[in-house]
Structure formats: structure tokens, C-alpha cells
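Visitor: I am new to this entry. Please take one part, look at it closely, and then place it among its neighbours.

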Amino acid sequence: MIKITWRHDGVTRRGFLGATATVGAGIVAAPYIVRQAWAATPIRIGVISPLTGAWTVYGKAHFAGFELAVDEINKAGGVLGRPIEIVVGDSKTEPRIVVEQANRLIRQERVDLLAGTFSSAERNAAGPVVQQSGKILLYPTWYEGQSQEFFPGVCNKNIFMFGPEPSQQVWPHVEHVMKSHGKRFFLIGSDYAWPRETNKMFKEKFQELGGEVVGEVYIPFNTPQYESVLRDIRNAKTEVVFHTLTGSDTVNFRRQFHAAGMSKDIAIWTVDDEEVVTSGLGPEVSAGTYVSFDYFMTIQHPNNKIFLEKFFAKYGKDALMNTVGVGMYNAAHMAALAIAKAGSTDTAKVRDALKDLTFDGAPQGPVRMRGEDHQAVLPSYLMQVRQGWTGVSDMFEEVRSLQTVEPVPAKCKALPL
Amino acid sequence: MNATALPAAVMPAGHRLGAWAPAVVVFLALALLPVVFEGYVVYILPQYMLFGVMAMSLALLWGQTGILSFGQAGFFAIGGYAIGIGMSHELPINPAYIGILTGILVCAVTAALIGYFLFSAGVRDSYFVLVTLALSIMVEQIAVSQSELTGGWNGMFIMRPILTAPGLELPLDGDVSIYYVVLVVAAAVYAGLRALTTARFGKILVGIRENETRMEALGYRTVLYKTAAFALSAGIAGLAGALYGTHAGFVSPSLGGALFSTEAVVWVAVAGRSSLLAAFLGGVIVSSLSNYLSALTPGLWQLFMGLLFIAAITLFRGGIAGFLGRLPARRRAMP
Amino acid sequence: MLASILSVAVDAVLITLVLALAASGLAVIFGLIGVINLGHGAMLTLGAYFMWWATAHGTPFVLAVLLAALGVCLVGLLLEHLLIRHFYDEPFETLLLTWGFFLVCTEVIKLAFGTDFRNVANPLSDTITVLGLELPAYRSLVALLSLVLLLALAAVIFRTGIGIKVRALVQNREVASLLGLDVGLVYKQVFAAGTFLAGLAGALISPMLSIDPYIGNVFLIRSFFAVTVGGLGQILAGTLVGSFVIGGAETLFALVSSQVFAQTVVFALAIVLLRFRPAGLVGGRR
């Protein structure tokens with residue numbers, strides 16, 4: 001038996017030995033030639049954002065958060081005397097493209113680490129890439145929490161989670177919503193892992209508190225009409241709709257829910273509709289809805305005031321920020337802090353430096369990266385959408401908040417990661 | 001009945017799938033590429049070559065037989081999931097081989113059943129386009145809903161396989177090793193399809209494309225030939241998908257969706273549906289171009305792709321290959 | 001029990017009629033002149049964005065709907081004049097061109113209107129009570145309009161001179177052109193009418209949906225199946241029956257199964273229907 005082990009030649013640099021060999025290769029390789037040299041070698045960070053495709057609506061805040069932080073860091077002299085340079089990759093809202101882009105950023109653009117991807121599917125697509133290449137991925141989105149089943153998309157020592165998971169986003173507020181509106185909850189979500197896992201976690205807490213799930217439906221993506229679901233909600237004598245639809249479906253459902261006259265006597269609690277979606281709903285449809293996240297543009301923390309001033313100055317006064325953009329913002333700052341602490345961009349050193357690192361300047365108040373499972377410890381806000389709001393500055397009204405919520409431990413095979 | 005009995009219209013000069021020389025040049029260039037380049041190009045080209053293989057499967061169906069399918073991505077995805085599911089099991093034989101074979105078989109059998117079911121009732125043209133579109137959407141939905149098996153919308157991870165043969169064990173986790181495996185498969189698919197299209201079977205398919213009624217009148221059971229072409233094309237798309245799954249390490253339902261299906265049609269349309277090599281290059285080059293433009297202007301690249309695409313359709317009827325193929329003919333026509 | 005059957009039936013009717021409205025533009029373009037318009041979704045989207053733009057600038061609702069429809073019609077005419085008219089003989093080419101239009105149009109929308117969700121205020125936010133059922137007023141009105149629109153379309157096609165020309169063309173192009181019919185002009189009129197309807201549908205549906213650059217696509221494939229299953233060229237009955245099979249049946253299946261499964265079943269059903277009734281459920285010979 002012969003055993004051949006091929007050399008791993010993906011990540012060494014030899015430059016170009018010849019002219020373009022084929023059109024295809026030439027096209028892929030061209031940006032590599034035209035890239036200009038920098039005075040002080042910058043630290044390169046690859047950012048994968050949904051700039052085109054179904055979730056374009058979230059892309060702007062997603063990218064802006066990171067860009068703003070990098071601006072601040074560079075103005076303050078960079079990290080280790082080096083500026084940070086962003087290399088953008090468009091995910092096209094497609095896991096297939098994330099595989100291409102993550103590899104491009106790492107192998108061709110030689111980035112030192114990656115940040116971004118938006119949905120869990122996109123993050124999972126990047127999982128094997130960072131696993132194999134030994135680069136770090138900073139993930140900003142609220143998500144379903146880590147469970148070994150989706151390794152290497154989660155429970156991966158190279159991935160850090162900056163967004164909240166259900167035990168932070170949902171659990172702290174279950175009792176309050178029940179007390180205010182009743183115990184008959186109807187669960188509606190998009191048909192994939194995040195809504196299903198979030199609902200599973202929700203029910204754990206909810207049933208312990210004596211609540212009754214009167215219906216649970218999962219809707220395929222891109223469903224334009226909701227008559228039958230609305231009928232079920234009404235017939236079940238629902239008191240609260242717990243809502244985990246995403247993207248344009250959430251807007252479609254909510255508009256039709258309101259048009260059917262149901263928002264008068266049924267409360268909605270959503271864990272999806274941040275600033276971008278709520279502004280898409282408009283004041284009439286969204287008024288009175290409960291929303292819970294780690295960050296809102298209207299939170300009162302002094303850090304947020306400073307943050308928003310800089311944000312509006314750069315992107316205009318109508319620009320939208322949200323939990324994901326702030327996740328990206330925190331990710332950039334914490335990566336910079338970690339690189340400074342580690343004294344290099346070496347993955348193992350940065351990883352160790354990120355563990356249990358606290359960022360005091362986070363817009364939602366100090367944020368800590370829990371070392372054992374790479375999950376951010378975040379605040380949790382329950383907000384209610386104000387009647388007749390006119391813009392993001394008066395969109396949400398605080399109902400209650402917790403400054404730090406320690407998430408449940410990740411369900412990974414081996415902790416610490 | 002033999003090939004000589006085929007009507008003359010079946011073999012118009014401009015529609016011969018080209019001589020061997022350009023193909024030899026292309027595949028040799030691709031074979032030399034990893035010697036010259038390193039890094040991302042070597043990593044990514046196998047994925048694009050597999051898109052090229054999927055494009056060839058469509059060219060067989062569309063260019064050769066005149067049946068346009070929007071279902072190729074569905075079969076591609078089935079292939080990807082088949083190898084993923086296969087490799088997550090302990091099997092007596094190399095699970096990657098079982099996965100690939102299962103993928104090909106599932107695709108071919110599905111296509112044969114659906115193809116026969118529809119062709120026998122005379123479903124064709126835009127109706128068939130719609131049916132295949134529905135097919136790829138159904139694959140996407142099933143992949144989403146059968147999450148126990150497929151990981152649902154969050155996708156499924158696939159390891160790189162180990163190439164085994166008596167006396168050989170080659171793990172395909174290096175860029176170069178899997179590059180050559182994919183290249184060999186692509187070249188083999190090209191050679192096989194080319195041989196097939198120039199053989200009697202291929203000529204009958206062209207005959208069906210040009211005039212199906214006439215072929216029926218000549219005694220050919222066109223339904224069977226069309227079904228065979230569809231099944232073969234689906235099997236090849238499944239093979240490409242299986243290799244893609246192991247190369248990318250990850251598959252998710254959108255791989256089977258309508259958007260990716262349309263992309264495959266775009267590759268073939270731009271490059272030229274009448275030539276297998278053009279279709280292959282279309283898959284490789286259009287994907288490379290997308291990648292390049294998206295790096296250059298992440299916000300505007302889709303706009304440029306759309307404009308380029310419209311320009312290609314408007315300026316070169318029958319794709320770029322069709323346009324090039326007509327050039328010598330025009331020159332000859334001049335006195 | 002009776003009340004719940006009734007409410008299911010009313011839901012199915014509403015879904016059917018709204019889908020029929022979204023599909024009507026396609027029924028005209030695909031059904032009458034055989035252009036597989038993959039840009040139909042983009043035209044719905046464009047209608048919704050024009051609507052948003054007009055209402056955001058203070059245009060009264062009804063006027064804004066008309067302006068949006070005319071705007072989309074203009075874009076459609078431009079598309080037809082520059083590209084489509086050269087390719088009427090080649091169905092695959094028009095299919096590809098309209099897909100190219102979708103790509104370009106979506107990106108231009110992003111540049112012109114931004115990528116944030118937009119919304120059009122619902123002009124009739126109350127509910128009405130019909131047969132003891134509480135229904136959203138605006139949605140019911142749109143459903144009614146959809147029915148009126150389809151009836152009017154059918155009347156145009158069966159009762160007017162333009163209709164006769166179009167029908168002559170659909171049945172036999174050579175004869176129609178031998179009879180001195182300006183085939184190019186009729187095609188252009190039909191295409192323009194189809195895009196007008198798409199713009200109208202996009203504008204009318206916009207208060208019920210989120211407006212983002214991809215909104216029209218949720219209706220694209222459903223519309224194709226509605227039109228084909230019903231029968232190409234069968235503007236009234238075909239579109240309605242097709243929309244019922246695609247939209248209404250989904251509602252009924254969803255009663256006994258999950259939503260995703262209901263959608264899969266509906267597509268499978270559409271395939272089987274096309275096999276046994278290739279000319280559509282309402283179609284005659286073709």
C-alpha cells in the first residue's frame with residue numbers, strides 16, 4: 001500500500017511565475033497584481049457582508065458598523081502602529097458564494113482574519129474554511145446558539161460570536177410578557193434552524209412558567225400571503241404571538257396581521273424586527289410590538305450617544321444601525337484590542353487574547369467575550385414600539401433591561417473551545 | 001436503420017461540436033495551471049470546472065437536443081447531498097464512491113421517470129422549462145424541510161474524501177490533488193459526451209431538435225431518446241454536484257434553487273449552447289468573471305453582469321461560440 | 001364548523017384573486033405573445049417602488065397607482081423597443097433577455113431607491129365584515145379590483161377591434177400578417193399592456209407587502225404556474241383557475257400539513273396537471 005500525502009500548498013506565497021495561462025485564471029488572479037503597496041504594512045481584515053441578494057436590506061448596517069470602528073481605530077493610530085485595511089467580499093446572501101469569498105479573502109487577499117457573514121447558513125459555510133485555514137471569524141448576528149451538531153459552523157475554536165443567543169435575547173423577558181398579556185402564546189417562524197431552536201429554548205422557559213403554546217407553525221421563505229395562518233392564530237384564541245419570521249416575510253406577515261385587525265387584541269413579541277425591519281413596517285403596523293435585542297438605537301447608555309454621533313456624521317442622519325451593525329462594530333474593536341494585547345496577528349495568540357476580553361466602549365455598554373465558548377456576554381433589552389414614531393430616534397421605548405446577561409453554556413462536545 | 005439514413009438536415013456544418021484541437025489546448029492549459037500558479041486560483045478553479053461540467057450537461061440537453069432545463073441545479077444539489085449523506089456513514093467500500101454513485105443514480109433515475117412521464121405526453125418547450133423549474137424548487141424545499149437528513153436551511157458539512165484504489169490511498173485535502181481529480185473528471189465527461197454526440201445517438205438527438213415529427217416518422221422512438229438524454233444530463237449534473245460538495249466542504253438548499261439553475265442557463269447561453277467546450281468554458285469564465293467583478297466593485301458587480309449578459313445575448317446570437325462558428329462560414333460566403 | 005369552512009373558502013378566494021392580479025401581466029405577455037418574461041417579478045417590484053416614491057412625495061393614492069403603472073409601462077416599452085422586438089421568433093433568447101432585464105433592473109432599483117425596506121401606507125386600514133367574517137378592507141378591495149380588471153381584459157380581447165387583431169395573431173401569425181396586420185405593432189401593444197398590468201399589480205399590492213428590491217420575485221414563479229396551469233391565452237378563466245390551483249390549493253393543503261410540505265405538493269400537482277392537461281385546465285386545443 002502506497003500512501004501519498006500531498007503538500008498543503010494553499011497558503012504559501014510564491015507570486016507569479018508566468019503570464020496569464022488561461023482567461024479564467026487571469027481573471028481570478030488580476031486584483032492580486034493591481035493591489036498597491038502600503039507604507040506601513042496594514043493589518044488586513046476580510047469582511048463578508050450581504051451586499052446583494054435576498055438580505056441586502058441588512059447589508060448596509062452590517063458593513064457600516066465594521067467600517068466605522070476601523071475608521072476610529074486608524075484615526076487613533078492603528079494597531080501596533082499598523083493601520084487596519086478592510087477587504088470586502090459580497091456574500092450575495094448565498095452560502096455557496098461565502099465559500100468562494102472566504103477562500104478568496106484568505107488565500108488571495110491574505111487577510112489576517114475574517115469578520116461578518118450574516119445568517120447562520122452563511123456562517124456555517126465559512127466554518128470549514130476557517131477551520132482548515134486556521135483563521136479567525138468574528139460573527140455578529142443574533143442566532144440560535146451553539147450546538148455540536150453544526151460543527152464546524154459553531155463550537156469552532158476559530159469562531160467568535162458577538163450577537164445574542166436565545167438565553168440572552170428571550171429568556172429574561174418571558175415572564176414579563178406573560179404577566180402583561182396572558183399565557184396563550186402562538187409561535188410563528190421561518191422554516192429553518194434559528195426559529196426552531198429559538199422556539200425550543202423559549203418553550204423550555206415558557207412551560208416552566210406555566211404558559212400554554214396554542215400553535216406553532218413554520219413558514220417557508222418568500223411566502224407572500226398569510227390568510228390561513230392568521231385564521232389559525234385567531235381560532236386558537238391567542239393572546240401573544242411569539243414571532244421568529246425573518247427578512248421580507250416578517251414584514252409581509254406583520255402588515256397582513258395588522259390589516260386583518262388582529263393587532264388590536266393580540267400582542268406580538270418579535271425577536272427579529274430590529275430597526276431595519278421595523279422602519280420597513282411603518283409606524284401604524286408596528287406600534288405596540290415588543291422587540292428584544294442586546295442593542296437598539298434608542299437605548300440610553302452614554303456610550304450609545306457618542307457612537308450614534310459618529311455614525312450619523314459618517315453615514316447621514318437617516319442611516320439605520322442595528323444589533324448586527326453594532327456586533328460588527330464591537331467585533332472590529334475587540335479584534336484590534338486583542339491584536340494589540342497579543343502583539344501580533346498570529347491566530348493562536350489573537351484567539352487567546354480575545355478570550356475573556358472586555359470592550360468598555362461598546363454602544364450597548366461593556367461587552368465581554370466569554371472565554372470558554374466564545375459567546376459574548378451582552379445586555380438584554382425589551383422594548384415596545386412607540387405609537388406614531390417618526391424615526392429611529394423615537395422608534396422604541398424601553399420596557400425593561402438587564403445590563404449583563406450570562407448566556408447558558410454552549411452545547412459543544414468539549415469546553416473550553 | 002443506421003446513421004447514414006438520417007436526414008441531411010441533421011448535420012449542418014456549423015453545428016458540429018468542433019474539432020479536438022481547441023479542447024486539447026484548453027485541458028492542457030488547465031493541467032499546466034497549478035505548475036504556474038498557486039493559492040486561490042488553484043483552489044477555486046475546480047469549483048468552476050464543476051460548474052463547467054454542469055454547463056456541459058445542459059449543453060447536451062439544450063444545444064444538442066433542443067430541450068431547455070432549469071432543473072440542472074436541482075440535480076447538482078442532489079449530487080452534493082448524496083455524497084454528504086454517504087460520507088457521514090461507515091461503509092465497507094469507500095463512502096465517497098458510494099455517495100457519488102448514489103448521487104448519479106438518484107439524479108438519472110429521477111430524471112428518467114419525470115422525463116418519460118412528461119415527454120410521453122408531448123410536454124415540451126416552455127412547459128418543460130416550467131416543470132424543471134418546479135423540480136429545482138422542490139429539491140430546495142425538500143432539502144430545507146428534511147432537516148434530519150440534510151441539516152435543513154443551515155446546510156450540511158462534507159469532508160474531503162480519500163481517493164482509494166488497490167494499492168493506493170490518496171487523501172484529497174490538498175488543493176493540487178483535488179484539482180487534478182476534478183480536471184480528469186471534467187476532461188473525461190467532455191470526451192465522453194463528445195464521443196456520444198458525434199456517434200449515432202448524438203445525431204438522432206440533433207434530428208429531434210431539428211424536426212421531431214420527422215424523426216418519429218422515420219421510426220425513431222423520440223420519447224425514449226429524449227428521456228435518455230435528460231437522464232444522462234441529470235446524472236452528469238449530479239456527478240458535478242457530488243464533487244462540488246466535497247470540494248467546497250459545505251452544501252445548502254439554495255444550491256438547488258431557481259437562482260442557481262438560472263445561472264447555469266446563463267453560462268451556457270452566453271458561451272454558446274451548440275458547443276460542449278464553449279459551455280464548459282462558459283461555466284468557468286462567467287463564474288470567474290463574477291468573482292473578479294464582485295471583488296472589484298462589491299456593490300455594482302451584479303449590474304455589470306446583467307449588462308454584459310444582455311450584451312452577449314444581443315450581439316452574439318447563439319452565444320459567443322455560435323458567433324465564432326459563423327465567422328468562417330461568412331468569410332467563405334464572400335466571393 | 002360552517003363558519004370555519006366559510007372562512008377557509010374566503011381566505012382561498014382572497015389569495016387566489018391577489019395572485020391572479022400579480023399574474024395578470026404575465027398572462028398577457030406570456031399567454032398572448034409567448035414571451036417567457038422572467039422580468040415580470042422585477043416589473044412588479046418596480047411598480048411598488050414607483051408607488052412608494054409617488055406617495056412619499058405627496059401624490060394621492062389613486063393617482064400614484066396610475067403613475068406607477070404608466071412608469072412601468074414606459075420601462076416595458078423601452079425594453080421591448082430596444083431588445084425584445086428583435087427576438088420574438090426566438091423564445092429562448094427573449095427568456096434570457098428578460099432575465100438580464102431582471103438583473104439590471106434590480107440593481108438599478110437599489111441605486112435609485114436604496115436597499116432599506118420601504119413601505120406604502122395602507123389607505124384603508126380598517127376591516128369590513130362580510131358574512132360574519134372580519135376581512136381586511138384594502139385586501140378585499142384589491143381582490144375585487146383584480147376580478148374587475150380580468151373581466152375588463154377579457155372584454156377587451158373578445159369585444160373590441162384590438163382584441164380581434166390580438167386573437168388573430170395568437171392563432172396564426174402568418175395569416176394575420178398576410179391580412180395586412182402590423183404584427184410588430186400589435187406585439188408592442190400587447191407587451192406594453194402586460195407591463196402596465198404588472199406595474200399596476202405591483203402598485204396595488206405594495207401596501208400589503210414589504211418593499212425591497214426582490215419583492216416581486218415571490219410572485220414570479222407562482223405567476224408562471226398560475227398562467228400555465230390555467231391555460232395560455234385564457235386570460236380570464238385560465239388565470240383565475242390557475243391562481244386557485246397554485247394559491248388556493250396551498251391554503252387548503254396547509255390545513256392538513258406543514259406550509260413547506262403544502263408548497264412542495266402544489267408544485268408536484270402543477271407538474272402532474274401539465275402532464276395531463278398540457279393546454280391548461282381551461283385551455284382548448286393548442
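Guide: What follows looks closely at chain C, then turns to chain B and chain A.

This is a predicted model, in which local features need pLDDT of at least 70, side-chain atom pairs count only at pLDDT 80 or more, and totals for chains, interfaces and linings use all residues. Residues are numbered from 1 along each chain as its sequence is written, while chains are lettered from A and ligands numbered from 1 in the order in which they are written.

Confidence comes before detail. The predictor gives the complex an ipTM of 0.84 and a pTM of 0.87. For chain C the average pLDDT (the predictor's confidence in each residue, from 0 to 100) is 88, and 98% of the residues score at least 70.

Chain C contains eleven helices and two strands. Here helices (H or I, at least four residues) and strands (E, at least two) are DSSP runs, numbered from the N terminus. Read from the N terminus on, the order of elements in chain C is α-α-α-α-β-β-α-α-α-α-α-α-α. The C-alpha atoms of chain C fill a box of roughly 60 × 50 × 35 Å, taken along the principal axes. A compact globule of 286 residues would have a radius of gyration near 19 Å, and the 19 Å of chain C agrees with this. That radius is taken over C-alpha atoms, and the globule rule is 2.2 Å times the number of residues to the power 0.38.

Of the 286 residues in chain C, 56% are buried. A residue is buried if 20 or more other C-beta atoms, placed from the backbone, lie within 10 Å of its own, exposed if 12 or fewer, and partly exposed in between. Contacts are pairs of residues whose C-beta atoms, placed from the backbone, lie within 7 Å. Among those in chain C between residues at least 6 apart in sequence, 74% join residues at least 24 apart.

The UniProt record, an unreviewed entry, annotates "transmembrane region" at several stretches of chain C, including residues 12-33 and 252-276. UniProt positions are given in the numbering used here, feature names are shortened, and annotations may be inferred rather than shown by experiment. In the model, residues 12-33 of chain C are 100% helix and 0% strand, with end C-alpha atoms 30 Å apart. Residues 252-276 of chain C are 92% helix and 0% strand, and there the end C-alpha atoms are 22 Å apart.

Chain C also touches chain B, in a contact that takes 27 residues from chain C and 32 residues from chain B. On the side of chain C, helix H4 (91-113), helix H9 (217-230) and helix H11 (259-276) each supply at least two residues. By class, that side has 20 nonpolar, four polar and three charged residues. Ala, Val, Leu, Ile, Met, Phe, Trp, Tyr, Cys and Pro count as nonpolar, Asp, Glu, Lys and Arg as charged, and the others, Gly among them, as polar.

Chain B offers some local detail of its own. In helix H8 (residues 200-210) of chain B, the buried residues are B:Gly202, B:Ile204, B:Leu205, B:Val206, B:Gly207 and B:Ile208. The buried residues of H8(B) pack against helix H2 (40-64), helix H7 (175-198), helix H9 (212-217) and helix H10 (222-248) of chain B.

Strand S2 (residues 162-165) and strand S3 (residues 168-171) of chain B run antiparallel and are joined by four bridges; strands pair if DSSP finds at least two bridges between them. B:Leu163 has B:Leu170 as its bridge partner in S3(B). The hairpin of S2(B) and S3(B) has two residues between the strands, and in it B:Gly167 takes a positive phi near 80 degrees.

Chain A has 13 helices and 15 strands. Its radius of gyration is 22 Å, close to the 22 Å that the globule rule gives for 417 residues, so chain A is as compact as a globular protein of that length. Buried residues make up 60% of the 417 residues in chain A. UniProt places "domain: Leucine-binding protein" (unreviewed entry) at residues 42-387 of chain A, a stretch that is 44% helix and 20% strand.

The mean pLDDT of chain A is 88, and 91% of its residues reach 70 or more. Over residues 1-27 of chain A, however, pLDDT stays under 50, and it also stays under 50 over residues 29-38 of chain A. Where pLDDT is low, the predicted coordinates should not be read in detail.

Notes:
Two residues are in contact if their C-beta atoms, placed from the backbone, lie within 7 Å.
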